[in-house]
Amino acid sequence: MNRLHQKYQDYEQCFRQVQPICFLDDITIKNVMIHAGELQGIIDLDWVCYGDPFYMLALTQTAIVSDIGIAGMPYIEALCSE
């Protein structure tokens, strides 16, 4: 708990600067269309949330790296560039 609390304190100022904006929070690997390594579209647009839109990028990156490892980096890079 002490280490977690220290990490929070390290990033607290950054957290306070994030404006809670409305964004689509379901851009996961099952809801995007990729062709020839490029993002072609997004499906399943029925849910939004408020907060930091980088949340979904981080969550998707974590899922890809945990599932297929570094081989998924081209997908992550394509998603981030869009």
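Arginine 16 and glutamate 12 both belong to helix α1, where they stand 4 residues apart, about one turn of the helix. In this model, which is predicted rather than determined by experiment, arginine 16 forms a salt bridge with glutamate 12, and the closest N and O atoms of the pair are 2.7 Å apart. The structure holds 1 salt bridge. Side chains of opposite charge can pair when their charged atoms come close. With regard to solvent, arginine 16 counts as exposed because its relative accessibility is 57%, whereas glutamate 12, at 22% relative accessibility, counts as partly exposed.

Helix α1, which comprises residues 2-17, is also the place of tyrosine 11. Tyrosine 11 has a relative accessibility of 47% and therefore counts as partly exposed. Together with Tyr8 and Phe15, Tyr11 forms a nonpolar patch on the surface, and the accessible area of these residues together is about 330 Å².

In the interior, the largest nonpolar core is made up of 5 residues in all, namely Val32, Ile64, Tyr75, Ile76 and Leu79. The element that gives the most to this core is helix α3, spanning residues 73-81, with 3 residues.

The cysteines were examined next. A disulfide is a covalent bond between the sulfur atoms of two cysteines. When a pair of sulfur atoms is required to lie within 2.5 Å, the count comes to 0 disulfides. Cysteine 22 is in no disulfide, since the nearest cysteine sulfur, which belongs to cysteine 49, is 7.7 Å away. Viewed from the other side, the sulfur of cysteine 49 has its closest cysteine sulfur in cysteine 22, and the separation of 7.7 Å is too far for a bond. Cysteine 22 is partly exposed, with a relative accessible area of 43%, and cysteine 49 is likewise partly exposed, with a relative accessible area of 21%.

A further local feature concerns the backbone at alanine 36, a residue located in the loop between strand β2 (32-35) and strand β3 (38-42). The phi angle of alanine 36 is near 55°, which is a positive value in a residue other than glycine. Because its relative accessibility is 70%, alanine 36 counts as exposed.

Conventions
Residues numbered from 1 in each chain as written. Predicted model: local features only at pLDDT ≥ 70, side-chain atom pairs only at ≥ 80, totals over all residues. Heavy atoms only, no water. Patch = residues over 30% accessible without salt bridge, like charges linked within 9 Å, V, L, I, M, F, W, Y side chains within 5 Å. Areas by Shrake-Rupley, 256 points an atom, 1.4 Å probe, with all protein chains shown as cover. Salt bridge = Lys/Arg side-chain N within 4 Å of Asp/Glu carboxyl O. Helix = DSSP H or I, 4+ residues; strand = E, 2+ residues; numbered from the N terminus. Buried < 20%, exposed > 50% of the residue type's maximum accessible area, 1.4 Å probe, protein only. Core = buried A, V, L, I, M, F, W, Y, C linked by side-chain atoms within 4.5 Å.
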